[in-house]
Amino acid sequence: CRGIEFIMPSLARGGGAPALRLIRGLVNGTRCRATMLPGFPSLFTVPHTAGLAFNGTEVFGSPSRDETMMVNLLGCAFDEAGSTAGAAQELLRGRAAHGMYLPRRMFVSWPYLADTALVGVSDEHGVYTIDSSGTSMLCFAHSSDGERQIWKRMYLTATQAAKRERGVVVPERRGMLLHVLPLRGMKMYPNGSLVRDYGFPAPEAVREARPWAPVASWADAGVQSFPAGLALADLAGPWASNPRFDEYEAVPLEDAYAVGSRVFFLGRTPLYGSPGKVTGHARDGSGAVVGVNLQLLAIAHPAAAKRENFLGVEALKALSLTGRGVYTPSYAVARNVGMSTLLLSRITSRMIIVCESGAGGGDDSSRVHIGLNLKFEARRQRVAGYTRRAPNGWQYSDRAIALIASYKAAFPDMFANLERAVKHDSQTTAAQCFAPAAYGAAADGASNGAHIAGEIKRLKQWFKANVDSNAMSPVSTESEILSKEQVDAIVEARAATTPPATRAVVVSAVRREAALQPANAQYLLGTQSLMVGHRVAFVAERGASALFGARGYIVAIHARETAQPASHPSNGRHVDRPQQEGLPADKIQMVEILLDKPFANGTTLDGKCPPYRG
């Protein structure tokens with residue numbers, strides 16, 4: 001063992017300067033304990049006790065077999081109300097702003113204190129909510145013992161989750177659930193004020209559609225449920241101040257739109273989307289500023305502007321008229337390739353057969369995958385370029401149909417045997433798929449096993465030669481991704497047109513909501529819907545991968561992964577948006593753009609477009 005002396009750095013400074021002073025403690029303004037921001041856990045916001053107990057608390061996904069430090073909450077913040085109806089009467093009183101009712105803020109999921117908006121209160125007797133005007137409280141009593149049991153399971157699940165996952169014991173003196181909408185971000189009103197966005201009043205539409213089960217229907221609209229013991233409604237507490245989501249009143253028009261600042265015109269005219277700059281402010285007779293004057297750079301002829309905007313969509317339509325890029329319904333595909341729709345559905349998804357040990361080869365010798373993995377109904381996923389989910393069922397592209405036909409041609413007897421096997425719910429075996437009699441093999445067991453092993457080996461070789469699993473990664477069913485052939489159609493259509501001439505246009509007295517500032521794009525463009533083929537422009541000054549004002553066409557839309565089931569809860573039928581409606585921006589994770597001109601950071605979008613254009 002060898003020791004080395006360590007000398008602490010000196011705080012003295014040369015040149016006669018005074019020595020530095022070591023300050024012990026936290027930097028001024030540090031938020032800790034009860035002043036933590038929402039989302040950061042703190043044990044100092046609710047009175048509690050703690051003690052060791054055997055609870056089976058989950059640690060890295062596994063229940064602990066040792067004692068766990070349990071946190072026991074001493075009471076509910078709403079005990080003083082006396083009853084659930086009294087608590088609901090107090091909690092559901094929101095505030096009126098911008099001509100509408102806004103629900104009350106609530107901090108739930110203690111100790112993290114997530115920022116939410118309260119839309120309902122419930123107990124084992126019923127559900128309390130408020131009308132859209134915020135003046136009348138509504139009560140929906142549980143109409144049956146079944147609904148009461150559903151509510152009890154919801155409450156028990158919520159309290160047990162807090163106990164099992166966080167070691168928090170919720171007091172059960174009065175069972176009460178709070179139904180809230182989580183904070184989604186910030187929203188800007190037409191007058192320029194910036195407020196928190198909770199997605200209100202989405203649950204009201206669901207409640208009006210299915211008033212018989214408000215709690216169950218609210219879950220479909222993104223409403224979350226938490227025990228009242230894990231919530232705080234004190235807006236005066238230090239945790240309620242979150243500078244990341246502070247609300248602001250509208251800034252005067254002349255201050256928000258300085259002369260010379262860049263904007264995009266959003267008026268409902270052929271000039272929509274044109275870039276420009278502020279040249280002045282319009283005033284009324286009293287001298288008050290009522291709008292801004294803009295100088296826009298727009299396409300000279302409206303017909304040319306319309307042709308530019310619809311070029312991508314028209315190119316895709318022209319390609320589909322030639323018979324390419326068309327998707328065929330499953331029943332037509334089954335008829336064309338000569339198999340039942342049930343077998344088509346099974347063979348194009350994930351299908352497994354069980355074989356004798358050693359017949360399948362490899363480590364997992366008892367299970368062999370024979371499905372093409374082109375669609376996954378339960379996970380709401382598909383393979384782009386091969387399948388898509390339409391409102392009336394699955395559809396297949398020409399490429400997918402050719403692959404299915406080639407698969408059947410290579411193993412005709414296997415498909416004939418599968419037609420009989422898939423009619424039963426039991427697990428399909430390799431002996432059923434590769435029946436020796438159908439292949440003319442000998443009847444003894446040794447020959448049968450050798451024959452099955454040979455067929456499985458040939459099956460794996462066919463998959464290796466014909467199915468590129470790396471290029472067939474699944475995406476969400478709501479994602480839309482154009483093939484290289486479709487992207488080439490847009491590129492060729494764009495190259496065949498002459499760039500239109502532009503001209504300067506002066507527009508006077510433009511309202512605030514029709515003049516988009518780049519800094520406000522994140523607040524104002526969240527309500528638009530996008531489709532492949534749409535023409536778009538980059539309006540962000542920073543944080544974008546393309547140049548400011550660059551224009552192009554959408555060639556791929558990647559939807560966010562959702563936890564919604566594949567079937568509608570009310571009737572069991574699959575529900576999907578119509579292809580022509582577009583996908584709302586809040587459901588989009590990422591889009592791929594084919595730009596008009598190359599730029600330094602551009603790519604080929606995995607070989608689908610020319611260099612530096614993606």
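Modeller: Contact here means heavy atoms within 4.5 Å. The structure is a predicted model.

Biologist: Which residues does Lys608 touch, not counting residues up to four places away in sequence?
Modeller: Lys608 sits in the segment after strand S34 (588–595). With the cut-off for buried at under 20% relative accessible area, Lys608 counts as buried because its relative accessibility is 14%. Leaving out residues up to four places away in sequence, Lys608 touches Ile481, Leu482, Ser483, Lys484, Val487, Asp488, Ala556 and Glu592.

Biologist: How many of the residues of S32 are buried?
Modeller: Strand S32 spans 551–559. S32 is largely enclosed by the rest of the structure, because the buried residues number eight of the nine.

Biologist: How many bridges pair S32 and S34?
Modeller: One pair of bridge partners is Gly552 and, in S34, Leu595. S32 and S34 are antiparallel, and their bridges number seven.

Biologist: In S32, which residue is the bridge partner of Glu480?
Modeller: Strand S27 (residues 480–481) pairs with S32 in the antiparallel sense over two bridges. In one of the pairs, Glu480 is matched in S32 by Ile557.

Biologist: And which residue in S32 is the bridge partner of Ala537?
Modeller: S31 and S32 run antiparallel and are joined by three bridges. The partner of Ala537 in S32 is Arg551.

Biologist: Where does H6 bend?
Modeller: Helix H6 (residues 302–321) has 20 residues, and its first and last C-alpha atoms lie 27 Å apart, close to the 28 Å expected at 1.5 Å a residue. H6 nevertheless has a bend of about 55°, placed at Leu311.

Biologist: Which elements are included in what covers the buried residues of H6?
Modeller: Buried residues of H6 include Ala304, Glu308, Leu311, Ala315 and Leu319. An α-helix has 3.6 residues a turn, so residues three or four places apart point the same way. The cover over the buried residues of H6 includes strand S18 (289–299), helix H14 (484–495), strand S31 (535–537) and strand S32 (551–559).

Biologist: Which strands stand at the edges of the sheet with S28, S18, S17, S16 and S29?
Modeller: This open sheet has five strands in the order S28-S18-S17-S16-S29, with antiparallel pairing. S18 and S28 are joined by seven bridges, and Leu296 has Val505 in S28 as its bridge partner. Two strands have a single partner strand each, so one side of each is left without a neighbour in the sheet: S28 (502–510) and S29 (515–516).

Biologist: In the open sheet of three strands, by how many degrees are neighbouring strands turned against each other on average?
Modeller: The order is S19-S25-S24, and the pairing is antiparallel. S19 (327–329) and S24 (387–390) stand at the edges with a single partner strand each, so one side of each lacks a neighbour in the sheet. With direction ignored, the average turn between neighbouring strands of this sheet is 35°.

Biologist: Which strands does H7 touch where it packs on the sheet?
Modeller: Helix H7 (residues 330–337) has a direction at about 85° to that of S19. The strands that H7 touches are S19 and S25.

Biologist: At about what angle to S25 does H9 run?
Modeller: Helix H9 covers residues 398–410 and lies across S19 and S25. Its angle to S25 is about 85°.

Biologist: Which residues touch the most other members of the largest nonpolar core?
Modeller: In soluble globular proteins, nonpolar side chains tend to be buried together. The largest nonpolar core holds 38 residues, and among the elements giving it two or more residues are H7, S25 and H9. Apart from its neighbours within four places in sequence, Tyr407 is in contact with Ile347, Phe415, Leu459 and Trp462, among others. The members touching the most others are Ile370, Leu372, Tyr407 and Met414.

Biologist: By what distance are the C-alpha atoms of Tyr198 and Val180 separated?
Modeller: Tyr198 lies in the loop between strand S14 (194–197) and helix H3 (202–209), and counts as buried because its relative accessibility is 10%. Beyond its neighbours within four places in sequence, its contacts include Arg105, Asp115, Leu181 and Pro182. Val180 is 18 residues from Tyr198 along the chain, and the C-alpha separation is 9.0 Å.

Definitions and conventions. Residues are numbered from 1 along each chain as its sequence is written. This is a predicted model: local features need pLDDT of at least 70, side-chain atom pairs count only at pLDDT 80 or more; totals for chains, interfaces and linings use all residues. Side-chain values use heavy atoms; hydrogens and water are left out. Two strands pair if DSSP finds at least two bridges between them. Helices (H or I, at least four residues) and strands (E, at least two) are DSSP runs, numbered from the N terminus. Axes are lines fitted to C-alpha atoms, for helices over the stretch in contact, and angles run from 0 to 180 degrees between N-to-C directions. A nonpolar core is a set of buried Ala, Val, Leu, Ile, Met, Phe, Trp, Tyr and Cys residues joined through side-chain atoms within 4.5 Å. Buried means under 20% relative accessible area, exposed over 50%, partly exposed in between (1.4 Å probe, protein chains only). The expected span of a helix is 1.5 Å times one less than its number of residues. The bend at a residue is the angle between axes fitted to the seven residues ending there and the seven starting there.
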